[in-house]
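Work through the following exercises with the coordinates open beside the text. Each one sets a task and then gives a solution in steps.

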Amino acid sequence: MPRRHVVHLRVRVMRAQPSVIDRFMDYYASLDRQPVPALAGLYDVHAVLVDPFGEHNGLFAIQRYFSPLLGDVNSCRFAIDPPLCESGRFAVTWTMYWSHPRIAGGEIRSLPGCSMVETHGDKIFRQRDYYDAGEMLYEHLPLLGWAVRGVKRRVRG
């Protein structure tokens, strides 16, 4: 009977660093509990963030944009669907659940949207968010809300 050689291999499991996609999803999943300086671990120093409220060029501009937003909300978190990925970029659809003390009596609101994200290395280089700013904010302002809701009714009908 042939003699068997038993080889014992030690496999060293190396924990991979979370990808930029994982870090993006983790950060936004509990956005209201995240420190604004932590954006430096997610966004490139020259990153661009574009959303319906404007374009924010550079990490410091993005941090300045987030500071008052997060300081004013009661809560803000995202339920993010699985990403669609391609080399150097990904897209996600999401629903934001948020509450602001001066909007809708502070009750939790939901807002669907999506983000198109380009990465460079392990950081976000460009992010474009798409959502209805009217549904989020303008419809809840006294005079402007009346006008925005009226325009939407006319378009729908």
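The exercises below go from the whole chain to single side chains.

The structure is a predicted model, in which local features need pLDDT of at least 70 and side-chain atom pairs count only at pLDDT 80 or more, while totals for chains, interfaces and linings use all residues. Residues are numbered from 1 along each chain as its sequence is written, and side-chain values use heavy atoms, with hydrogens and water left out.

**Exercise 1. Fold and confidence**

Task: Determine how many helices and strands there are in the chain, and in what pattern they follow along the sequence; then find where confidence is lowest and where it is highest.

Solution. Begin with the elements, taken as DSSP runs numbered from the N terminus (helices H or I, at least four residues; strands E, at least two). The chain holds four helices and seven strands, and these follow the pattern α-β-β-α-β-β-β-β-β-α-α when read along the sequence.

Next, turn to pLDDT, the predictor's confidence in each residue, from 0 to 100. Its mean over the chain is 83, with 75% of the residues at 70 or more. Strand β1 (residues 43-51) has the highest confidence, at a mean of 98, whereas helix α4 (residues 142-156) has the lowest, at 56. Over residues 7-15 pLDDT stays under 50, and there the model has zero contacts (heavy atoms within 4.5 Å) beyond four places in sequence.

Finally, consider the chain totals. Of the 157 residues, 36% are buried, where buried means under 20% relative accessible area, exposed over 50%, and partly exposed in between (1.4 Å probe, protein chains only). Among contacts with a separation of 6 or more, 46% come from residues 24 or more positions apart.

**Exercise 2. Helix α2 and its surroundings**

Task: Compare the span of helix α2 with the expected one, and establish which elements its buried residues pack against.

Solution. First, the expected span is 1.5 Å times one less than the number of residues. Helix α2 (residues 59-72) has 14 residues, and from its first C-alpha to its last it reaches 21 Å, close to the 20 Å expected.

Second, list the residues of α2 that are buried: Leu-59, Ala-61, Ile-62, Gln-63, Tyr-65, Phe-66 and Leu-70. Third, look at their partners, for the buried residues of α2 pack against α1 (20-29), β1, β2 (54-57) and β7 (123-131).

**Exercise 3. Aromatic pairs**

Task: Count the aromatic pairs, and characterise the pair of Phe-24 and Phe-90 and that of Tyr-28 and Phe-78.

Solution. A pair of aromatic rings is described by the distance of the centres and the angle of the planes. Rings of Phe, Tyr and Trp (its six-membered ring) pair if their centres lie within 6.5 Å; planes under 30 degrees apart count as stacked, over 60 as edge-to-face and the rest as tilted. By this rule there are nine aromatic pairs.

Phe-24 and Phe-90 form one of these, with 5.4 Å from centre to centre and 75° between the planes, an edge-to-face arrangement. The pair links distant parts of the chain, since Phe-24 is in helix α1 and Phe-90 in strand β5 (residues 89-99), 66 residues apart. Phe-24 is buried, with a relative accessible area of 2%, and Phe-90 is buried as well, at 3%.

For Tyr-28 and Phe-78, the centres are 5.4 Å apart and the planes at 85°, so this pair is edge-to-face. Tyr-28 lies in helix α1 and Phe-78 in strand β3 (residues 75-80), so the pair ties together parts that are 50 residues apart in sequence. Tyr-28 counts as buried at 5% relative accessibility, and Phe-78 counts as buried at 11%.

As a last step, follow the ring pairs onward: they link a cluster that includes Phe-24, Tyr-28, Phe-78 and Phe-90, together with Tyr-65 and Phe-66, both of which are buried residues of α2.

**Exercise 4. Salt bridges**

Task: Find how many salt bridges the whole structure has, and state whether Arg-89 is buried or exposed.

Solution. The criterion is a side-chain nitrogen of Lys or Arg within 4 Å of a carboxyl oxygen of Asp or Glu, and the search finds two salt bridges. In one, Arg-89 meets Glu-86, with the closest N and O atoms 2.6 Å apart; Arg-89 is partly exposed, at 46% relative accessible area, and Glu-86 is partly exposed at 48%. In the other, the side chains of Glu-107 and Arg-109 meet at 3.3 Å, N to O; Glu-107 is partly exposed at 44%, as is Arg-109 at 26%.
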